[in-house]
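Visitor: Please take me on a close look at one part of this model, the pairing of its charged side chains. I would like to know where each partner sits and how well it is covered.

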Amino acid sequence: MAPRSLLRTLIVDDERLARRELRRLLEPRGAVTVVGAAATAEEAEAAIHEDDPDLLLLDVQMPGGGGFDLLERLDAVPHVVFVTAYDEYAIRAFEVNALDYLVKPVEPKRLAEAIGTVRERAAEPVPEAVDGEASRASLTADDQVFVKDGEQCWFVQLADVRLFETAGNYTRLYFDGEEPLIHRSLNYLEERLDPDRFFRASRQHIFNLRWVEDVTPGAKDKLKATLGDGTEVELSRRRSRAFREQLRL
């Protein structure tokens, strides 16, 4: 799917004047089209599902849930530029790989720089969609998710997650030496993840096929997959049969 020529942008800020000012600053920029605005995290979540924006201009603090709370609710996260009156959240924002952090009042030059950064990221190649249409029901390896565990937060590209491990109603993600928990069950993730990239190994694990370096036979017709970091994942007997059929082993 080719990148959109205009960045579909959603403004999320509880202050009406702040939303109006951002619209005004964006008007002369031909690279952007504002698809909507939201005053709360709840409104923003609904607008994201409805309008499918490429970019969120997102406030940090809002009544009823802030910007970080909103991101935690989403399965796939658009590009994010934080826009806030509070400079003390900047380190946290960049720790989770936000593309930029603008402090109010927003300077036109800084906004232009942020839009340029987002356009560069949005121009990176993405996979072709099936039948020319994106599947909103699934998550591809190129999708970005927001992960929050305690006070730590990350934006994570699913391609970088090598393993998902069940933890009751939660799931532990393994990536870049991190092991946070997310508020999603392994069954929920299995329904959303691309089956050509992510394989359900057992009731406990889903692994990223691109991270598999070796597959060896085990006891009772089971297989054992070794991931790039040395982690060994045992496949159940039934899933071992499915794995052999999928890869024609």
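Guide: Asp-100 is buried, because its relative accessibility is 8% (buried means under 20% relative accessible area, exposed over 50% and partly exposed in between, with a 1.4 Å probe and protein chains only). Its partner is Arg-110, and the closest N and O atoms of this salt bridge are 2.7 Å apart (a side-chain nitrogen of Lys or Arg within 4 Å of a carboxyl oxygen of Asp or Glu). Asp-100 belongs to strand E5 and Arg-110 to helix H5, so the bridge ties together parts that lie 10 residues apart in sequence (helices, H or I with at least four residues, and strands, E with at least two, are DSSP runs numbered from the N terminus). Arg-110 has a relative accessibility of 27% and therefore counts as partly exposed.

Before we go on, a word on the basis: this is a predicted model, in which local features need pLDDT of at least 70 and side-chain atom pairs count only at pLDDT 80 or more, while totals for chains, interfaces and linings use all residues. Numbering starts from 1 along each chain as its sequence is written, and side-chain values use heavy atoms, leaving out hydrogens and water.

Strand E5 also leads us to the next pair. Lys-104 sits in the loop between strand E5 (100–103) and helix H5 (108–122). Its salt bridge is with Asp-59, where 3.7 Å separates the closest N and O atoms. Asp-59 is found in the loop between strand E3 (55–58) and helix H3 (67–73), so this pair links distant parts of the chain, 45 residues apart. How are the two partners covered, buried or partly exposed? Asp-59 is buried, as its relative accessible area is 3%, whereas Lys-104 is partly exposed at 21%. The pair also has company: Asp-13 joins Asp-59 and Lys-104 in a network of salt bridges.

Now let us move further along the chain. Arg-162 and Asp-229 form a salt bridge with their closest N and O atoms 2.4 Å apart. This pair, too, links distant parts of the chain, with the two positions 67 residues apart. Arg-162 lies in the loop from strand E7 (152–157) to strand E8 (163–167), and Asp-229 in the loop from strand E14 (223–227) to strand E15 (232–234). Here the arginine is the buried partner, since Arg-162 has a relative accessibility of 10%. Asp-229, with a relative accessible area of 37%, is partly exposed.

These pairs are among the 12 salt bridges found by a search of the whole structure. The setting is a chain of 249 residues, 43% of which count as buried, and its secondary structure comprises seven helices and 15 strands. Of the contacts with a separation of 6 or more, 51% are between residues 24 or more positions apart (a contact means heavy atoms within 4.5 Å).

For an uncharged residue to set beside these pairs, try Thr-9 in strand E1 (residues 7–12). Its relative accessible area is 0%, which means that Thr-9 counts as buried. Leaving aside residues up to four places away in sequence, Thr-9 touches Leu-26, Val-32, Thr-33, Val-34, Val-35, Gly-36, Leu-55 and Leu-57. Two of these names bring us back to strand E3, which spans 55–58.
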